[in-house]
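Subject: The model you asked about

Hi,

Here is the structure, ready for you to open alongside this message. My notes on it follow below.

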Amino acid sequence: MSDFLNASDVSRPVSPGGSPSHVPGVSVRHTRAKGEPRFPDGPAPDPAGSHFERRIRSFQPRRSRVTAGQADALQRLWPKWGLDIDGQRVIDLGEMFGNTNPVVLEIGFGMGEATAQMAAADPRTNVLAVDVHTPGQGTLLNLAEQSGLSNIRVGNGDAIILLREMLAPDSLGGLRVYFPDPWPKKRHHKRRLIQAEFLDLAATRLKPGAIVHCATDWEPYAEQMLEVLTAHPDFENTQADGGFAPRPDFRPLTRFEGQGLDKGHVVNDLLFRRVQHGDQDQDQPPTGV
(Lines give C-alpha, C1' and ligand atoms only; values in the text may rest on other atoms or scores of the structure.)
Protein backbone atom coordinates (compact mmCIF):
# COMPACT_ATOMS: atom_id res chain seq x y z
CA MET A 1 0.00 0.00 0.00
CA SER A 2 1.25 3.47 -0.80
CA ASP A 3 2.07 5.88 1.98
CA PHE A 4 -0.09 8.53 0.33
CA LEU A 5 -3.58 8.63 -1.07
CA ASN A 6 -4.01 9.73 -4.64
CA ALA A 7 -5.59 13.18 -4.56
CA SER A 8 -4.91 14.32 -8.07
CA ASP A 9 -8.47 15.59 -8.32
CA VAL A 10 -7.91 18.01 -5.43
CA SER A 11 -7.14 21.57 -6.40
CA ARG A 12 -3.98 22.48 -4.56
CA PRO A 13 -2.67 26.00 -3.98
CA VAL A 14 0.80 26.90 -5.12
CA SER A 15 3.44 27.92 -2.62
CA PRO A 16 5.55 31.07 -3.09
CA GLY A 17 8.32 28.86 -4.45
CA GLY A 18 6.09 27.60 -7.22
CA SER A 19 5.44 24.08 -5.92
CA PRO A 20 1.99 22.84 -4.87
CA SER A 21 1.45 23.26 -1.14
CA HIS A 22 -0.41 20.86 1.12
CA VAL A 23 -4.15 20.97 1.59
CA PRO A 24 -4.67 20.47 5.35
CA GLY A 25 -6.25 17.16 6.23
CA VAL A 26 -5.93 15.68 2.72
CA SER A 27 -3.59 12.82 1.92
CA VAL A 28 -1.72 13.31 -1.32
CA ARG A 29 0.47 11.14 -3.52
CA HIS A 30 3.93 12.51 -4.08
CA THR A 31 5.80 10.88 -6.94
CA ARG A 32 9.35 10.37 -5.71
CA ALA A 33 12.37 9.45 -7.75
CA LYS A 34 14.10 6.20 -6.82
CA GLY A 35 16.18 6.76 -3.71
CA GLU A 36 14.57 10.11 -2.92
CA PRO A 37 13.80 10.38 0.81
CA ARG A 38 10.15 10.38 1.76
CA PHE A 39 10.52 13.59 3.79
CA PRO A 40 13.77 15.36 2.82
CA ASP A 41 13.82 17.41 6.01
CA GLY A 42 11.91 14.92 8.14
CA PRO A 43 12.54 11.62 9.91
CA ALA A 44 14.91 9.15 8.28
CA PRO A 45 13.40 5.83 7.16
CA ASP A 46 16.06 3.79 9.01
CA PRO A 47 18.18 6.13 11.12
CA ALA A 48 20.47 3.49 12.68
CA GLY A 49 20.94 1.66 9.39
CA SER A 50 23.24 -1.34 9.68
CA HIS A 51 25.52 0.18 12.31
CA PHE A 52 24.20 -2.14 15.01
CA GLU A 53 23.69 -5.86 15.24
CA ARG A 54 20.32 -7.32 14.47
CA ARG A 55 18.28 -8.40 17.49
CA ILE A 56 14.77 -9.43 18.35
CA ARG A 57 12.69 -6.29 18.09
CA SER A 58 9.74 -5.43 20.28
CA PHE A 59 8.07 -3.35 17.57
CA GLN A 60 7.02 -3.56 13.94
CA PRO A 61 7.42 -0.50 11.71
CA ARG A 62 4.05 0.35 10.16
CA ARG A 63 3.52 1.92 6.78
CA SER A 64 0.37 4.02 6.96
CA ARG A 65 -1.20 6.85 5.06
CA VAL A 66 0.19 10.23 5.95
CA THR A 67 -2.13 13.20 5.67
CA ALA A 68 -0.98 16.43 4.14
CA GLY A 69 -1.07 18.09 7.55
CA GLN A 70 1.13 15.40 9.06
CA ALA A 71 3.54 15.60 6.13
CA ASP A 72 3.72 19.37 6.46
CA ALA A 73 4.50 19.09 10.19
CA LEU A 74 7.21 16.52 9.54
CA GLN A 75 8.84 18.74 6.93
CA ARG A 76 8.66 21.97 8.91
CA LEU A 77 9.08 20.86 12.50
CA TRP A 78 11.35 17.83 12.37
CA PRO A 79 14.57 19.90 12.08
CA LYS A 80 13.47 21.80 15.20
CA TRP A 81 11.88 19.13 17.40
CA GLY A 82 12.80 15.78 15.85
CA LEU A 83 15.54 13.29 16.68
CA ASP A 84 16.65 10.45 14.42
CA ILE A 85 17.91 7.63 16.61
CA ASP A 86 21.09 6.76 14.73
CA GLY A 87 23.15 5.61 17.72
CA GLN A 88 26.13 7.69 16.61
CA ARG A 89 26.42 10.11 19.53
CA VAL A 90 25.46 10.73 23.13
CA ILE A 91 22.92 13.53 23.20
CA ASP A 92 22.87 16.39 25.67
CA LEU A 93 19.28 16.51 26.89
CA GLY A 94 19.74 19.95 28.44
CA GLU A 95 20.91 21.31 25.12
CA MET A 96 18.11 19.51 23.26
CA PHE A 97 15.37 21.08 25.40
CA GLY A 98 17.13 24.31 26.25
CA ASN A 99 16.74 23.85 30.01
CA THR A 100 17.66 21.55 32.90
CA ASN A 101 14.15 20.29 33.66
CA PRO A 102 13.77 16.54 34.20
CA VAL A 103 13.27 14.46 31.07
CA VAL A 104 10.80 11.59 30.80
CA LEU A 105 11.26 9.05 28.02
CA GLU A 106 8.01 7.79 26.51
CA ILE A 107 8.32 4.68 24.36
CA GLY A 108 5.45 4.29 21.91
CA PHE A 109 2.98 7.16 21.81
CA GLY A 110 0.53 6.19 19.06
CA MET A 111 -1.03 9.37 17.69
CA GLY A 112 0.33 11.46 20.54
CA GLU A 113 -2.86 12.85 22.07
CA ALA A 114 -2.07 11.63 25.60
CA THR A 115 1.55 12.71 25.27
CA ALA A 116 0.52 16.25 24.34
CA GLN A 117 -2.03 16.43 27.15
CA MET A 118 0.49 15.32 29.76
CA ALA A 119 3.13 17.72 28.46
CA ALA A 120 0.64 20.60 28.61
CA ALA A 121 -0.37 19.72 32.16
CA ASP A 122 3.25 19.54 33.36
CA PRO A 123 5.29 22.15 31.47
CA ARG A 124 8.26 21.77 33.84
CA THR A 125 8.82 18.20 32.70
CA ASN A 126 10.38 17.55 29.31
CA VAL A 127 9.09 14.61 27.27
CA LEU A 128 11.20 12.71 24.76
CA ALA A 129 8.57 10.65 22.93
CA VAL A 130 9.80 7.82 20.69
CA ASP A 131 7.87 5.89 18.05
CA VAL A 132 8.31 4.46 14.56
CA HIS A 133 4.82 5.36 13.32
CA THR A 134 5.25 8.25 10.88
CA PRO A 135 1.64 9.54 10.97
CA GLY A 136 1.79 9.64 14.77
CA GLN A 137 5.05 11.56 14.65
CA GLY A 138 3.47 14.14 12.38
CA THR A 139 0.36 14.42 14.52
CA LEU A 140 2.33 14.89 17.73
CA LEU A 141 4.46 17.59 16.14
CA ASN A 142 1.27 19.33 15.01
CA LEU A 143 -0.24 19.09 18.49
CA ALA A 144 2.92 20.49 20.05
CA GLU A 145 2.93 23.46 17.70
CA GLN A 146 -0.78 24.17 18.00
CA SER A 147 -0.65 24.06 21.81
CA GLY A 148 2.62 25.99 22.09
CA LEU A 149 4.39 23.11 23.83
CA SER A 150 8.14 23.60 23.98
CA ASN A 151 8.71 20.58 26.24
CA ILE A 152 8.17 17.84 23.63
CA ARG A 153 10.77 16.25 21.36
CA VAL A 154 9.92 13.41 19.01
CA GLY A 155 12.32 10.52 18.50
CA ASN A 156 12.27 8.28 15.43
CA GLY A 157 13.71 4.78 15.67
CA ASP A 158 14.61 2.04 18.12
CA ALA A 159 14.31 3.04 21.78
CA ILE A 160 16.83 0.35 22.74
CA ILE A 161 19.51 2.03 20.62
CA LEU A 162 18.55 5.38 22.13
CA LEU A 163 18.93 4.05 25.67
CA ARG A 164 22.07 2.05 25.04
CA GLU A 165 24.02 4.36 22.73
CA MET A 166 22.67 7.89 23.02
CA LEU A 167 21.67 8.61 26.62
CA ALA A 168 24.08 9.24 29.47
CA PRO A 169 23.85 7.34 32.78
CA ASP A 170 21.32 8.78 35.24
CA SER A 171 20.00 11.20 32.61
CA LEU A 172 16.28 10.36 32.74
CA GLY A 173 13.74 11.48 35.30
CA GLY A 174 11.17 8.87 34.28
CA LEU A 175 10.07 6.24 31.79
CA ARG A 176 6.60 5.71 30.32
CA VAL A 177 5.48 2.65 28.37
CA TYR A 178 1.76 2.85 27.65
CA PHE A 179 -0.04 0.04 25.82
CA PRO A 180 2.97 -1.62 24.19
CA ASP A 181 2.41 -4.41 21.70
CA PRO A 182 1.38 -7.40 23.87
CA TRP A 183 2.64 -10.00 21.38
CA PRO A 184 -0.10 -12.37 22.59
CA LYS A 185 1.14 -15.56 20.91
CA LYS A 186 3.40 -17.58 23.19
CA ARG A 187 6.12 -17.93 20.56
CA HIS A 188 6.26 -14.11 20.35
CA HIS A 189 6.54 -13.42 24.08
CA LYS A 190 10.30 -12.95 23.62
CA ARG A 191 9.45 -9.78 21.67
CA ARG A 192 7.72 -8.09 24.58
CA LEU A 193 9.53 -4.95 25.67
CA ILE A 194 9.19 -5.24 29.44
CA GLN A 195 11.68 -7.98 30.22
CA ALA A 196 14.53 -8.30 32.71
CA GLU A 197 17.19 -7.39 30.10
CA PHE A 198 15.37 -4.21 29.14
CA LEU A 199 15.04 -3.21 32.80
CA ASP A 200 18.77 -3.80 33.28
CA LEU A 201 19.44 -1.24 30.57
CA ALA A 202 16.77 1.23 31.63
CA ALA A 203 18.04 1.20 35.22
CA THR A 204 21.42 2.56 34.10
CA ARG A 205 19.78 5.57 32.45
CA LEU A 206 17.22 6.43 35.14
CA LYS A 207 18.07 8.66 38.06
CA PRO A 208 17.46 7.22 41.54
CA GLY A 209 13.84 7.92 42.43
CA ALA A 210 12.70 8.04 38.80
CA ILE A 211 9.35 6.40 38.12
CA VAL A 212 8.72 3.69 35.55
CA HIS A 213 5.06 3.84 34.56
CA CYS A 214 3.58 1.07 32.43
CA ALA A 215 -0.01 0.51 31.37
CA THR A 216 -1.58 -2.31 29.38
CA ASP A 217 -5.01 -3.70 28.62
CA TRP A 218 -3.64 -7.21 28.03
CA GLU A 219 -3.89 -8.94 31.41
CA PRO A 220 -1.34 -11.73 30.81
CA TYR A 221 1.23 -9.07 29.82
CA ALA A 222 0.30 -7.01 32.89
CA GLU A 223 1.03 -10.03 35.08
CA GLN A 224 4.38 -10.51 33.36
CA MET A 225 5.25 -6.83 33.83
CA LEU A 226 4.40 -7.04 37.52
CA GLU A 227 6.47 -10.19 37.91
CA VAL A 228 9.63 -8.94 36.22
CA LEU A 229 9.50 -5.48 37.79
CA THR A 230 8.93 -6.94 41.26
CA ALA A 231 11.84 -9.34 40.83
CA HIS A 232 14.26 -6.68 39.56
CA PRO A 233 16.62 -5.40 42.29
CA ASP A 234 16.77 -1.86 40.85
CA PHE A 235 13.04 -1.17 41.12
CA GLU A 236 10.47 -1.12 43.89
CA ASN A 237 6.70 -1.02 43.67
CA THR A 238 5.13 2.25 44.79
CA GLN A 239 2.06 0.30 45.92
CA ALA A 240 2.23 -0.91 49.50
CA ASP A 241 0.36 -4.11 48.62
CA GLY A 242 2.83 -4.94 45.85
CA GLY A 243 0.14 -4.97 43.17
CA PHE A 244 -1.17 -2.83 40.35
CA ALA A 245 -1.76 0.90 40.79
CA PRO A 246 -5.03 2.71 40.12
CA ARG A 247 -4.87 4.82 36.97
CA PRO A 248 -3.29 8.09 38.10
CA ASP A 249 -5.12 11.30 37.25
CA PHE A 250 -2.15 12.55 35.25
CA ARG A 251 -2.45 9.74 32.66
CA PRO A 252 -5.25 10.73 30.28
CA LEU A 253 -7.86 8.23 29.18
CA THR A 254 -7.10 7.74 25.49
CA ARG A 255 -9.54 6.82 22.73
CA PHE A 256 -7.77 3.48 22.34
CA GLU A 257 -8.13 2.78 26.05
CA GLY A 258 -11.77 3.85 26.04
CA GLN A 259 -12.52 1.46 23.19
CA GLY A 260 -10.87 -1.34 25.13
CA LEU A 261 -12.86 -0.58 28.24
CA ASP A 262 -16.06 -0.60 26.19
CA LYS A 263 -15.13 -4.11 25.10
CA GLY A 264 -14.64 -5.23 28.69
CA HIS A 265 -10.85 -5.05 28.74
CA VAL A 266 -9.18 -4.50 32.10
CA VAL A 267 -6.46 -1.82 32.10
CA ASN A 268 -3.66 -2.18 34.61
CA ASP A 269 -1.14 0.50 35.59
CA LEU A 270 2.22 -0.25 37.17
CA LEU A 271 4.26 2.42 38.99
CA PHE A 272 7.75 1.37 40.07
CA ARG A 273 10.54 3.52 41.50
CA ARG A 274 14.22 3.31 40.57
CA VAL A 275 16.17 2.50 43.73
CA GLN A 276 19.84 3.17 44.41
CA HIS A 277 22.36 0.61 45.57
CA GLY A 278 25.39 2.84 46.01
CA ASP A 279 28.50 1.34 44.45
CA GLN A 280 26.49 -1.54 43.03
CA ASP A 281 25.02 0.70 40.37
CA GLN A 282 26.82 0.42 37.07
CA ASP A 283 27.43 3.27 34.64
CA GLN A 284 27.72 0.98 31.63
CA PRO A 285 24.67 -0.66 30.09
CA PRO A 286 24.48 -4.45 29.92
CA THR A 287 25.51 -6.21 26.75
CA GLY A 288 23.22 -8.25 24.56
CA VAL A 289 20.12 -6.03 24.87
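To start with a pair of helices: at what angle do helix H1 and helix H4 pack, and how far apart are their axes? In this predicted model, H1 (residues 68–81) and H4 (residues 134–146) pack at an angle of about 70°, and their axes are 8 Å apart. An angle from 65 to 115 degrees counts as roughly perpendicular, and H1 and H4 are therefore roughly perpendicular to each other.

If you want to look at that contact residue by residue, the H1 side is made up of Gly69, Gln70, Ala73, Leu74, Arg76, Leu77, Trp78 and Trp81. They meet Thr134, Pro135, Gln137, Gly138, Thr139, Leu141, Asn142, Ala144 and Glu145 in H4. Sorted by class, the contact of H1 with H4 has eight nonpolar, seven polar and two charged residues.

Now the chain as a whole. The protein chain has eight helices and eight strands, and 48% of its 289 residues are buried. Of the contacts in the chain between residues at least 6 apart in sequence, 80% join residues at least 24 apart.

The sheet

Eight strands form an open sheet with mixed pairing, in the order E1-E4-E3-E2-E5-E6-E8-E7. At the edges stand strand E1 (82–84) and strand E7 (235–237); each has a single partner strand, so one side of each is left without a neighbour in the sheet. From one strand to the next, the twist averages 20°.

Going through some of the pairings:

- Strand E2 (residues 103–107) and strand E3 (residues 126–131) pair in the parallel sense over five bridges, with Ile107 opposite Val130 in E3.
- Strand E5 (residues 172–178) and strand E6 (residues 206–216) also pair in the parallel sense, over six bridges; here Gly174 stands opposite Ile211 in E6.
- E6 and E8 pair in the antiparallel sense over six bridges, and Val212 is opposite Phe272 in E8.
- E7 and E8 pair in the antiparallel sense over three bridges, where Phe235 has Arg274 in E8 as its bridge partner.

How buried are the strands? Five of the five residues of E2 are buried, so E2 is largely enclosed by the rest of the structure. Both of its faces are covered, with Val103, Leu105 and Ile107 buried on one side and Val104 and Glu106 buried on the other. You may like to look at Glu106 there, given its place among the buried residues of E2. Strand E8 is mostly covered as well, with six of its seven residues buried. Helix H7 (residues 219–231) lies across E6, E7 and E8 (268–274), and runs at about 15° to E8.

The cores

The largest nonpolar core has 39 residues, and Leu105, Leu128, Leu162, Leu175, Ile194 and Phe198 are those with the most contacts inside it. Helix H5 (residues 159–166) gives this core its largest share, six residues. Apart from it lies another core, of 19 residues, which includes Leu74, Ala116, Ala119 and Leu141. Two of these names will be familiar from the helix pair above: Leu74 in H1 and Leu141 in H4.

Which residues does Ile194 touch? Leaving aside residues up to four places away in sequence, Ile194 touches Val177, Cys214, Tyr221, Gln224, Met225 and Val228.

Phe198, which is among the residues with the most contacts in the largest core, is one of the buried residues of helix H6. The others buried in H6 are Leu199, Leu201, Ala202, Ala203, Thr204 and Arg205. With seven of the ten residues of H6 (residues 196–205) buried, this helix is largely enclosed by the rest of the structure.

One loop residue

Lastly, is Pro123 buried or exposed? Pro123 is in the loop between helix H3 (113–121) and E3, and at 54% relative accessibility it counts as exposed. Not counting residues up to four places away in sequence, Pro123 touches Asn101 and Asn151. Its C-alpha atom is separated by 9.4 Å from that of Ile152, 29 residues apart from it along the chain.

Happy browsing, and do write back with any questions.

Best wishes

How values were computed: Residues numbered from 1 in each chain as written. Predicted model: local features only at pLDDT ≥ 70, side-chain atom pairs only at ≥ 80, totals over all residues. Heavy atoms only, no water. Axes fitted to C-alpha atoms, helices over the stretch in contact; angles between N-to-C directions. Helix = DSSP H or I, 4+ residues; strand = E, 2+ residues; numbered from the N terminus. Parallel < 35°, antiparallel > 145°, perpendicular 65-115°, else oblique. Contact = heavy atoms within 4.5 Å. Nonpolar A, V, L, I, M, F, W, Y, C, P; charged D, E, K, R; others polar. Core = buried A, V, L, I, M, F, W, Y, C linked by side-chain atoms within 4.5 Å. Buried < 20%, exposed > 50% of the residue type's maximum accessible area, 1.4 Å probe, protein only. Pairing = 2+ DSSP bridges.
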